[in-house]
Structures are given as structure tokens and as C-alpha cells.
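Open the model in your viewer and set it to cartoon. The tour goes from one strand outward to the whole chain.

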Amino acid sequence: MEGFEDDIEFTSATELAEISDLVVIGEVGSVTSAGLVNAEEDPNPSEYVSIEVKIEEALKGTAPATVRLIWDAYLTDGKNRVMEIVANGLAVPKVGERFLLFIGPVSDTRKELFGDLVTHDLVTLRGIFPLKQDTVSNTYIGDNPAADDLDGKSLDEVAVLITRETG
């Protein structure tokens with residue numbers, strides 16, 4: 001499988017919102033295995049999961065009631081999970097966790113691989129932010145200008161920033 005290209009460049013949360021079709025707040029309702037990818041070619045294939053997010057509020061765009069994202073979640077030995085993948089400091093989302101998401105339409109590659117298990121893609125791997133209570137929490141390791149802008153902001157502050165800048 002082609003890797004998820006994370007070549008989106010942005011210098012702020014405002015720019016990230018501008019390149020996103022949807023900016024939403026949601027809670028993880030379910031996490032379901034989407035299977036192994038490249039299992040025939042790779043003795044240690046990744047297991048992907050489908051994460052269903054129940055949308056609480058759309059800060060940009062018109063969102064459906066739920067979206068499903070695909071997540072590269074676990075390294076395997078071909079049969080069993082060996083290790084959870086933590087990407088840029090963010091662990092696999094769990095049921096009940098809440099996130100601020102910057103998303104767009106699903107890529108053709110992911111739709112072909114995962115069918116109805118995916119409805120949307122993050123616009124960048126750096127476009128998902130955990131919420132603690134109603135505050136954005138920066139868990140990122142590495143460069144993420146949006147995380148720096150949003151860290152510690154309340155959802156009300158984020159909503160004002162997003163709607164003011166993107167209309």
C-alpha cells in the first residue's frame with residue numbers, strides 16, 4: 001500500500017482550517033479492526049483500525065452525524081498484535097475520547113482498500129487533537145504549528161478562531 005503522504009504544509013491552526021473541508025469536534029464511538037495491509041508481502045504487517053467518530057459540532061463545513069477514519073494502529077507478527085503504533089506522540093484513539101479533527105474527503109486508495117470502513121481522511125497526520133474536558137491538549141512530538149497555536153485553548157476560543165478566519 002502507498003503510505004499516507006503527509007506533505008501538507010501549514011504554519012498555523014488558521015491555515016490548517018483553511019485547507020480542511022471539515023473542522024469538527026467529536027467523540028470516538030467505536031474502534032474496529034480494518035485488517036492487515038500488505039500481509040502477503042510483509043512478515044510484520046500493520047493492522048489498521050476504523051475509528052467511528054460521533055460528531056458533536058462542526059466548526060467548519062456541514063458534517064454528517066458520524067465519520068469513519070482509518071488509523072495505522074498496530075504492528076503485528078502476521079497474526080497477533082505486537083505493538084501499538086504511536087504516531088507523532090498520539091496513541092490509537094480509544095472509545096470515549098474526544099478530538100478536534102481537521103478532515104477532508106477519503107482518498108481513492110483508502111476507499112479501495114477499506115470500503116465502507118472509511119468515509120473521511122485527516123487532511124494531515126497532524127490534524128487531530130485530543131481534548132481534555134473542553135480544552136485542546138497538545139500531545140505532539142515534533143513540528144506542528146497548529147498544535148502550538150491550539151494548545152490549552154478552550155473549544156469556545158477554537159470556534160472563534162476557526163469561524164473568524166474561515167467564515
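In which sense do strand β1 and strand β5 pair, and over how many bridges? Select residues 22-37 for β1 and residues 98-105 for β5. This is a predicted model. The two strands pair in the antiparallel sense, over six bridges. For one rung of this pairing, pick G26: the bridge partner in β5 is F99.

Keep β1 on screen and add residues 46-60, which form strand β2. β1 and β2 also run antiparallel, paired over 13 bridges. Show V24 next. Its bridge partner in β2 is A58.

Now colour by secondary structure. Four helices and eight strands should appear. Trace them from the N terminus: the order is α-β-β-β-β-β-α-β-β-β-α-α.

Zoom out to the whole protein. Along the principal axes, the C-alpha atoms fill a box of roughly 50 × 30 × 30 Å. The radius of gyration is 16 Å, which agrees with a compact globule, because 167 residues would then give a value near 15 Å.

Switch to contacts. Among those with a separation of 6 or more, 62% join residues 24 or more positions apart. Colour by burial: buried residues account for 43% of the 167.

Turn on the surface. The protein exposes about 8,400 Å², and carbon and sulfur atoms supply 47% of that area.

Last stop: charge. Select the 13 positive and 32 negative side chains. The centres of these two sets lie 6 Å apart.

Terms used. Residues numbered from 1 in each chain as written. Predicted model: local features only at pLDDT ≥ 70, side-chain atom pairs only at ≥ 80, totals over all residues. Heavy atoms only, no water. Pairing = 2+ DSSP bridges. Rg over C-alpha atoms; globule rule 2.2 N^0.38 Å. Buried < 20%, exposed > 50% of the residue type's maximum accessible area, 1.4 Å probe, protein only. Contact = heavy atoms within 4.5 Å. Areas by Shrake-Rupley, 256 points an atom, 1.4 Å probe, with all protein chains shown as cover. Lys, Arg positive; Asp, Glu negative; His and termini not counted. Charge placed at Lys NZ, Arg CZ, Asp CG, Glu CD.
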